[in-house]
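Hello,

Here is the structure I promised to pass on. Please have a look at it first, and then read my notes underneath.

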Amino acid sequence: TEQQASGDDVVRTTGWVFNNEKGAELTLEEFVATGDAEVGSYLTVFGLRSPDLEHQTMVEIGCGIGRMTCAFTRELGRVVACDLDAGFLERCFETVARFGKVNRLETSHVEDGKTLQLPPNTGDITFSYITFQHCDANDALELTAEAVRVTKPGGKIVLNYRSRGRSDVVLIPLSKIM
C-alpha cells in the first residue's frame with residue numbers, strides 16, 4: 001500500500017480488497033460502500049447501537065485501508081484504528097478523510113503484530129473483523145487479551161477469527177467477567 005498513490009490505486013491493484021477482482025473500474029468509494037452496509041448491520045445485530053453511541057470510543061483492530069472505519073467514524077464519537085501495516089494506516093486516514101469524519105479518527109501502529117499501543121480502558125467497544133484469521137494463533141490470542149485490556153469495564157468486544165459464520169463472532173459484556 002505504501003507504493004500506491006491513493007486508496008483508489010490500492011483497490012484497483014490489490015485483488016484481495018474485492019474478492020480477488022482487479023481492474024480500473026473498481027473504486028475506493030464502492031469498496032467503502034461494502035463496509036458501510038456491513039457496519040450498520042453489525043451495530044444492530046450485536047447490540048452495539050445505543051442512544052449515546054456518538055459519545056463512545058471504538059478501538060478497531062485491523063482497520064486496513066478503512067473500509068469499515070469510515071462508517072464507524074460517522075456513528076461513534078471517536079475511533080482508534082489499529083493496524084500492523086503503517087501503509088494501511090496512512091490509507092485509512094486518507095479514506096476516512098474522503099468518506100468519513102476524519103476529526104473522529106486516531107490511528108495506532110501495532111508494531112509487533114500483537115500489542116496495542118493504547119492505555120487500558122481506552123474503548124467502549126473493541127471490534128475486529130477478518131483480521132485475526134491472518135494472525136499466528138499465539139498472536140491472535142495475545143490480541144484477544146489486548147482487546148480485553150483496552151476495553152472499558154462494561155464495554156463490548158466483537159472479534160471475528162475466521163470467515164463469516166455465526167460462530168465466528170464473540171460478544172463479551174465485560175461487566176459479566178469482571
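Below is what I found, starting with the overall layout and ending with the cores.

Please keep in mind that this is a predicted model. The chain has 178 residues, and 47% of them count as buried. It holds six helices and six strands. If you trace them along the sequence, the order is α-α-β-α-β-α-β-β-α-β-β-α. Among contacts with a separation of 6 or more, 61% link residues 24 or more positions apart. As for the surface, the chain exposes about 8,800 Å², with carbon and sulfur atoms supplying 51% of that area.

A good place to begin is strand β2, residues 78-83. Why is β2 largely enclosed by the rest of the structure? Five of its six residues are buried, and buried here means under 20% relative accessible area, so the strand is mostly covered by what surrounds it.

Strand β2 also has a partner on each of two strands. With β1 (residues 57-61) it runs parallel, joined by five bridges; within this pairing, E60 stands opposite A81 of β2. With β3 (residues 105-109) it runs parallel too, and five bridges join the two. Here D83 has H109 in β3 as its bridge partner. As a reminder for when you look at the side chains, those in a regular strand alternate between the two faces of the sheet.

The connections between these strands are worth following on screen. β1, α3 and β2 form a right-handed β-α-β unit. β2, helix α4 (residues 86-99) and β3 form a right-handed β-α-β unit as well.

Now to the nonpolar cores. The largest contains 16 residues, and M68, F72, L76 and F127 have the most contacts inside it. At least two residues each come from α2 (28-45), α3 (69-75) and β4 (123-128). Helix α2 gives the largest share, three residues. Apart from this core lies another one, of 13 residues, including V32, C63, I65 and F99.

If you want one residue to click on, try L76. Which residues does L76 touch, leaving aside those up to four places away in sequence? They are L53, E54, Q56, T57, M58, R104 and I125. T57 belongs to the residue range of β1, R104 comes just before that of β3, and I125 falls in that of β4.

Happy browsing, and best wishes

Terms used
Residues numbered from 1 in each chain as written. Predicted model: local features only at pLDDT ≥ 70, side-chain atom pairs only at ≥ 80, totals over all residues. Heavy atoms only, no water. Core = buried A, V, L, I, M, F, W, Y, C linked by side-chain atoms within 4.5 Å. Buried < 20%, exposed > 50% of the residue type's maximum accessible area, 1.4 Å probe, protein only. Helix = DSSP H or I, 4+ residues; strand = E, 2+ residues; numbered from the N terminus. Contact = heavy atoms within 4.5 Å. Areas by Shrake-Rupley, 256 points an atom, 1.4 Å probe, with all protein chains shown as cover. Pairing = 2+ DSSP bridges. Right-handed = clockwise from strand over helix to strand, strands pointing away.
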